[in-house]
Amino acid sequence: MLRLGFPVIGVADVPRAVAFWTSALDLVATSEWESPSWRTLNHADGSAGHWA
């Protein structure tokens, strides 16, 4: 399986960025690699990882 990711650099407020990108692109936050400075966003069906 090929996964493409798009890191977003320089995010000062990760929860706000997650809220924006999940709403804007109809994604869901997952716990994969979760940390205070990193979140993984996926489509609801689990495909195509995106990061904020």
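This passage describes the fold, the surface and several individual residues of a predicted protein model.

The protein chain has 52 residues, and its secondary structure comes to 1 helix and 3 strands, which follow one another from the N terminus in the order α-β-β-β. Helix α1 spans residues 14-25, strand β1 covers residues 27-35, strand β2 covers residues 38-43, and strand β3 is formed by residues 50-51. Confidence in the prediction varies along the chain: the mean pLDDT of the protein chain is 79, and 75% of its residues reach 70 or more. Among the elements, helix α1 has the highest mean pLDDT, at 90, whereas strand β3 has the lowest, at 50. Where pLDDT is low, the predicted coordinates should not be read in detail.

With regard to packing, 27% of the residues in the protein chain are buried. Of the contacts in the chain with a separation of 6 or more, 28% are accounted for by residues 24 or more positions apart. The accessible surface comes to about 3800 Å², and 61% of this area belongs to carbon and sulfur atoms. A nonpolar patch of about 360 Å² is present on the surface, where V8, F20, W21 and L25 make it up. One of these residues, W21, is found in helix α1, and W21 counts as partly exposed because its relative accessibility is 32%, which lies between the limits of 20% and 50%.

The structure holds 1 salt bridge, which is formed by E34 and R39, with their closest N and O atoms 3.5 Å apart. Side chains of opposite charge can pair when their charged atoms come close. The two partners differ in their exposure: E34 is partly exposed, with a relative accessible area of 46%, while R39, in strand β2, is buried, with a relative accessible area of 17%. The side chain of R39 is also placed beside the backbone of T30, as a polar atom of this side chain lies 3.0 Å from the backbone oxygen of T30. R39 is therefore a buried residue, its 17% being under the 20% limit, that takes part in a salt bridge with E34 and has a polar side-chain atom 3.0 Å from the T30 oxygen.

T30 also appears in a second spatial relation with strand β2, through L41, which has its place in that strand. The C-alpha atoms of L41 and T30 are separated by 6.0 Å, although the two residues are 11 residues apart along the chain. L41 counts as buried, since its relative accessibility is 1%.

Two residues of the backbone were examined for their phi angles. Most residues other than glycine have a negative phi. In D26, however, phi is near 55°, a positive value in a residue other than glycine, and in W33 phi is near 60°, which is likewise positive in a residue other than glycine. D26 is found in the loop between α1 and β1, whereas W33 is found in strand β1 itself. Both residues are exposed: D26 has a relative accessible area of 62%, and W33 has a relative accessibility of 55%.

Terms used
Residues numbered from 1 in each chain as written. Predicted model: local features only at pLDDT ≥ 70, side-chain atom pairs only at ≥ 80, totals over all residues. Heavy atoms only, no water. Patch = residues over 30% accessible without salt bridge, like charges linked within 9 Å, V, L, I, M, F, W, Y side chains within 5 Å. Areas by Shrake-Rupley, 256 points an atom, 1.4 Å probe, with all protein chains shown as cover. Salt bridge = Lys/Arg side-chain N within 4 Å of Asp/Glu carboxyl O. Helix = DSSP H or I, 4+ residues; strand = E, 2+ residues; numbered from the N terminus. Buried < 20%, exposed > 50% of the residue type's maximum accessible area, 1.4 Å probe, protein only. Polar contact = N/O pair within 3.5 Å; in protein donor to acceptor, adjacent residues only side chain to side chain. pLDDT = per-residue confidence, 0-100. Contact = heavy atoms within 4.5 Å.
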